[in-house]
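Work through the following exercises with the sequence and the model at hand. Each task is followed by a solution in steps.

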Amino acid sequence: MGKWAFIYSSVTGNTKKVAAAMAEAAGDADLFRVQDAPEDLSGYEVVCVGYWLRLGGPDPLTLKLLPQIHDAKVCFFQTHGTDPTSEHAITSFARAGYALGPGCEILGTFGCQGAINPALLEKRKKEAPNGPHHGPHSLERWAKAANHPDDADLQAAQDFVKAMQHKLVVREQYRKKKAAKIAALKKNKEQAQEENHG
Ligand SMILES: Cc1cc2nc3c(=O)[nH]c(=O)nc-3n(C[C@H](O)[C@H](O)[C@H](O)COP(=O)(O)O)c2cc1C
C-alpha cells in the first residue's frame, strides 16, 4: 500500500483534529496544512483533502487548492455546523468534487460536526428574524455542534480511513480477477480459431 497525503484547512482546530486522527490511522502518511500543500502530489496513492464549510461549500483556501489537484485518487473530509446527513452537508461534497482538477477519482467522503466559532455565534444570534440563521432550529444545531468533533467522530474518521484502504484492496482483487477472466476468454477463442483452421 502506498503513502497517503492529508491536506487540511482549519481555523479553529476542528478539521485539524480530524486530519490528525485520520493520518494516524493511515500509517504511512504525510500531513500538511493547506498553506503548505506540495504542488506535486503524484507520489501519493491517495490524497485526502479536509476543509471546513463556509457558505455551504469548502472554505476559500481549499477552493483555491482543489483545481490544482489532478490525476489523483481523492478522499474528502469536512467539518461543519450542520448535521452530517443534511442536504447542506452532502451538497458541499458535490461542490468540492466539482472544483477538483482533471483526471481525479473520488474514493470516499467523510463528514462530522464541528463547534462553531463563538464570535460567529454571537453575530448570528443578533440576526434579524427573517435571516437564515434565526430561530430555535439554529440554536439547537449550534448547541449540538458545540461538542464536536468528539471521540466518537475521531473514531469514525479512523474507521473511514481503514474502510478506504480496504476498498482499494478489494478493487485491486476485482481488477485482477476480471483481467484473468478476459485473458482466459481470449485464449479459449484463439485456441478455437486454431482448431477450426487446422
Ligand atoms: C464564517 C463561517 C462560515 C460558516 N459557514 C458554515 C456553513 O455554511 N455551513 C456549516 O455547516 N457550517 C458553517 N460554519 C461552521 C464551520 O464550518 C465549523 O465550525 C467547522 O468545524 C470549523 O472548522 P475548523 O475548526 O477546522 O476551522 C461556518 C463557520 C464560519 C466561521
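**Exercise 1. Locate Glu39 and decide whether Glu39 is buried or exposed.**

Step 1. Glu39 sits in the loop between E2 and E3. The coordinates come from a predicted model.

Step 2. Count the neighbours: 6 other C-beta atoms lie within 10 Å of Glu39. A residue with 12 or fewer is classed as exposed, so Glu39 is exposed.

Step 3. Check a distance. Glu39 and Trp52 are 13 residues apart along the chain, and their C-alpha atoms are separated by 21 Å.

**Exercise 2. Place Leu154 and find what Leu154 touches.**

Step 1. Leu154 belongs to helix H6, which covers residues 151–197.

Step 2. Within 10 Å of Leu154 there are 19 other C-beta atoms. Buried residues need 20 or more, so Leu154 counts as partly exposed.

Step 3. Leaving out residues up to four places away in sequence, Leu154 touches Lys17, Val18, Ala21 and Pro149.

Step 4. Compare sequence with space: Ala20 is 134 residues from Leu154 in sequence, yet their C-alpha atoms are 9.2 Å apart.

**Exercise 3. Describe H1: its length, its buried residues and what covers them.**

Step 1. H1 has 13 residues, and its first and last C-alpha atoms are 19 Å apart. This is close to the 18 Å expected at 1.5 Å a residue.

Step 2. List the buried residues of H1: Asn14, Thr15, Lys17, Val18, Ala19, Ala21, Met22, Ala23 and Ala26.

Step 3. The cover over these buried residues includes strands E1 (4–8), E2 (29–33), E3, E5 and E6 (105–113), together with H6.

Step 4. Look just past the end of H1: Gly27 has a positive phi of about 85°.

**Exercise 4. Which residues of H3 are buried, and which are exposed on the other side?**

Step 1. H3 runs over residues 87–99, and its end C-alpha atoms are 18 Å apart. The 13 residues should span 18 Å at 1.5 Å a residue, so the two values agree.

Step 2. Ala89, Ser92 and Ala96 are the buried residues. Viewed down the axis of H3, they fall within an arc of 50°, so they line one face of the helix.

Step 3. The other side of H3 has Glu87, Thr91, Ala94 and Tyr98 exposed.

Step 4. The packing partners of the buried residues of H3 are E3, strand E4 (57–58), E5 and E6.

**Exercise 5. Characterise the shell around the ligand.**

Step 1. The ligand is surrounded by 22 residues, of which Ser10, Asn14, Trp52, His80 and Gly114 come nearest.

Step 2. Sort the shell by chemistry: seven residues are nonpolar, 13 polar and two charged.

Step 3. Assign the shell to elements. At least two residues each come from helix H1 (14–26), strand E3 (46–54) and strand E5 (73–80).

**Exercise 6. Summarise the whole protein chain.**

Step 1. The protein chain contains six helices and six strands. Along the sequence they follow the pattern β-α-β-β-β-α-β-α-β-α-α-α.

Step 2. The radius of gyration is 22 Å, well over the 16 Å that the globule rule gives for 198 residues, so the protein chain is more spread out than a compact globule.

Step 3. Along the principal axes, the C-alpha atoms fill a box of roughly 90 × 35 × 30 Å.

Step 4. Of the 198 residues, 31% are buried. Among contacts between residues at least 6 apart in sequence, 83% join residues at least 24 apart.

Definitions and conventions:
Residues are numbered from 1 along each chain as its sequence is written. This is a predicted model: local features need pLDDT of at least 70, side-chain atom pairs count only at pLDDT 80 or more; totals for chains, interfaces and linings use all residues. Helices (H or I, at least four residues) and strands (E, at least two) are DSSP runs, numbered from the N terminus. Two residues are in contact if their C-beta atoms, placed from the backbone, lie within 7 Å. A residue is near a molecule or strand if its C-beta atom, placed from the backbone, lies within 6 Å of it. Ala, Val, Leu, Ile, Met, Phe, Trp, Tyr, Cys and Pro count as nonpolar, Asp, Glu, Lys and Arg as charged, and the others, Gly among them, as polar. The expected span of a helix is 1.5 Å times one less than its number of residues. The arc is that of the directions from the helix axis to the C-beta atoms. The radius of gyration is taken over C-alpha atoms; the globule rule is 2.2 Å times the number of residues to the power 0.38.
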